[in-house]
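Biologist: Before I trust any of the labels on this one, I'd like to hear the reasoning behind them. Can you walk me through it?

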Amino acid sequence: MSNKNFCCEKFEFRYNGEKTMGLNFRVVKYGEKFLEREAELYNKKIENIFNKAYFVTDGYSGPITDFSIKKMVINYCPFCGQKLSDFYKSDDYSQEVIG
Ligand SMILES: [Zn+2]
């Protein structure tokens, strides 16, 4: 059904889990408006800003930007050590977009 590849089975399991069920992993893409604001804020070119973030969450139902959600940004897979921004580059992995 899905042709996505995963760094390891444990990551795949948590990625495919419902977002309402903790703990889960979420791949979130930053939308264009978000990137423009960041670029302005840090005086950088948009292309030089990471356009995705990787989260562990406790489960949630609204948008991931909700401050009440327990979440943590991760850069490496906690199981196999894979650098997530290298492995999950494609937008196909995005589960949510931050505006
Ligand atoms: Zn992994």
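Modeller: Sure, here come the labels one by one, and keep in mind that this is a predicted model.

Biologist: Let's start with the metal. What makes C7, C8, C77 and C80 the residues that coordinate the zinc ion?

Modeller: Distance. A sulfur counts as a donor within 2.8 Å of the metal, and the SG atoms of these four cysteines sit at 2.3 to 2.4 Å from the zinc ion. Along the chain, the donor residues are spaced C-C-x68-C-x2-C. C7 and C8 are both buried, too.

Biologist: And why is the site of the zinc ion called tetrahedral?

Modeller: Four donors earn that word if all angles lie between 85 and 135 degrees. Here the angles among the four donor atoms run from 104 to 118 degrees, so the site is tetrahedral.

Biologist: On to the aromatics. Why is the pair of F11 and F25 called stacked?

Modeller: Two cut-offs do the work: ring centres within 6.5 Å make a pair, and planes under 30 degrees apart make it stacked. F11 and F25 come in at 4.8 Å centre to centre with 20 degrees between the planes, so they are a stacked pair. F11 belongs to helix 1 and F25 to strand 1, 14 residues apart, and the pair links distant parts of the chain.

Biologist: How do you know that F11 counts as buried?

Modeller: Buried means under 20% relative accessible area. F11 has 1% relative accessibility, so it counts as buried. F25, at 5%, counts as buried as well.

Biologist: Which aromatic cluster does F11 sit in?

Modeller: One formed by F6, F11, Y15, F25, F79, F87, Y88 and Y93. F11 also turns up in the largest nonpolar core, which has 14 residues; F11, L84 and Y88 are those with the most contacts inside it. Helix 1, strand 1 and strand 2 each give two or more residues to this core. A second, separate core of 12 residues includes V28, Y60, I64 and I69.

Biologist: Last one. What makes you say that the buried residues of helix 2 line one face?

Modeller: The buried residues of helix 2 are F34, L35 and A39. Seen down the helix axis, they fall within an arc of 135 degrees, so they line one face of helix 2. The face turned away from that buried side carries the exposed residues K33, E40 and L41. Strand 1 and strand 4 are among what covers the buried residues of helix 2.

Key
Residues are numbered from 1 along each chain as its sequence is written. This is a predicted model: local features need pLDDT of at least 70, side-chain atom pairs count only at pLDDT 80 or more; totals for chains, interfaces and linings use all residues. Side-chain values use heavy atoms; hydrogens and water are left out. Donors are N, O and S atoms within 2.8 Å of the metal (3.2 Å for Na, K and Ca); water is not among the atoms, so sites may look incomplete. Four donors count as tetrahedral if all angles lie between 85 and 135 degrees; four count as square planar and six as octahedral if opposite donors are over 155 degrees apart and all others between 65 and 115; anything else is irregular. Buried means under 20% relative accessible area, exposed over 50%, partly exposed in between (1.4 Å probe, protein chains only). Helices (H or I, at least four residues) and strands (E, at least two) are DSSP runs, numbered from the N terminus. The arc is that of the directions from the helix axis to the C-beta atoms. Contact means heavy atoms within 4.5 Å. A nonpolar core is a set of buried Ala, Val, Leu, Ile, Met, Phe, Trp, Tyr and Cys residues joined through side-chain atoms within 4.5 Å. Rings of Phe, Tyr and Trp (its six-membered ring) pair if their centres lie within 6.5 Å; planes under 30 degrees apart count as stacked, over 60 as edge-to-face and the rest as tilted.
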